[in-house]
Amino acid sequence: MGGYSFGVCDDLRSNRPCSYFTFLRNPYERVISSYVYCKREREDQLCSALNANEVTINEWAKHQGSFFYRQLLFTPEFCKKSYATYINLDAEPHDRKFTIRNKLAMSCWFREKLALNKITSRQERDLMNMYILENLENWFAVIGITEEYEFSMKLLEHVFGLPFIERCGGMQLNFNTYGQSNNTQSAPHSFTLVEQLKDQLMTDRDAYEALFYDLQIYKKATGIFVKQKQMYLQTKK
C-alpha cells in the first residue's frame, strides 16, 4: 500500500486478519537510487522538496535522511495544517519555490521530517529508534531484502499464499535506477558509479549521521531476514 501505510491495520474496522510486509535496501544504495531518479523526476513527491540537480550526493543524503525510520513513525497528522507551526524552513535546505506562505505545499514526508526535528530531541529520537529495533520482527510478517529479491518473493508467497513469484519474480523494479531501464542486470558503468558514490557517502560523517537510524534498522532487518530464510528452508526439507 505504499510508504504511508504502516499503522493502517490499527484503523481497519474488520475482523479479517491484517499484517504488514516490507522490503528494505542498503540505505546508502537507496539514497543513490533516489538521487539519480529525482534528477529526472522532479514532480514526484519524493523529489520535489529539493532539486537533486542542484546538490551533491552527500547533500542529498542529508536531505533524505533516515527515510524508513520516519515512515514507521508517520501519522497523517503531519500532513495537516495544525502542524504548520512546527515547520521551520530555515532548518533545512529546500527548493526555492517553497516559502513560509506555501510551505504546506511541500511533500508530507519532508514536513514530517521538519516537524520531528522541531518537536523531539535527539535523545527522544534515539529512544524511538530503540523501540523500532525491539519490535521490528513483531510488526512485519515478512521483511524482504532487495539484495535477496528472488528469495524474498519465495518468503512472501509462502507466508501469504499469493502468486508473488509469478507476478513479481524476476522484476526487481527500481533496483537499478542508475540507468534508464528496469532490467535486473546492471550495466558495468552503472555499477562502478554506484560503488564510487557509495564510497563517497560512507566516508562522510554527516551523511552517516543522517542515515544512522536507517542503517541500524537495515542491519536488524537483514538479521531477521536470515532467520526467516532459515525457517523457510527447514520447512522444505
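**Two nonpolar cores in a mostly helical chain**

The largest nonpolar core holds 28 residues, and the members that touch the most others are Val31, Ile57, Trp60, Met106 and Leu201. Helix α2 (27–40) puts in at least two residues, as do α3 (57–64), α5 (108–119) and α9 (188–202). The biggest contributor is α2, with five residues. Ile57 gives a feel for how this works: leaving aside residues up to four places away in sequence, Ile57 touches Val31, Ile32 and Tyr35, plus Leu197, Gln200 and Leu201. There is also a second, separate core of 27 residues, with Ile132, Leu155, Phe212 and Ala221 among them. Nonpolar side chains do tend to be buried together in soluble globular proteins.

Zooming out, this is a predicted model with eleven helices and two strands in the chain. Reading from the N terminus, the order is α-β-α-α-α-α-α-β-α-α-α-α-α. The two strands, β1 (residues 20–24) and β2 (residues 140–145), pair up in the parallel sense through five bridges. In that pairing, Phe23 sits opposite Gly144 of β2. As for the faces of β1, Tyr20, Thr22 and Leu24 are on the covered side, while Phe21 and Phe23 are on the uncovered one.

For the chain as a whole, 45% of the 237 residues are buried. Plenty of the contacts reach across the sequence: of those between residues at least 6 apart, 68% join residues at least 24 apart. The accessible surface adds up to about 13,600 Å², and carbon and sulfur atoms account for 52% of that.

Terms used. Residues are numbered from 1 along each chain as its sequence is written. This is a predicted model: local features need pLDDT of at least 70, side-chain atom pairs count only at pLDDT 80 or more; totals for chains, interfaces and linings use all residues. Side-chain values use heavy atoms; hydrogens and water are left out. Helices (H or I, at least four residues) and strands (E, at least two) are DSSP runs, numbered from the N terminus. Buried means under 20% relative accessible area, exposed over 50%, partly exposed in between (1.4 Å probe, protein chains only). Contact means heavy atoms within 4.5 Å. Accessible areas come from the Shrake-Rupley method with a 1.4 Å probe; for residues, only the protein chains shown count as cover. Two strands pair if DSSP finds at least two bridges between them. A nonpolar core is a set of buried Ala, Val, Leu, Ile, Met, Phe, Trp, Tyr and Cys residues joined through side-chain atoms within 4.5 Å.
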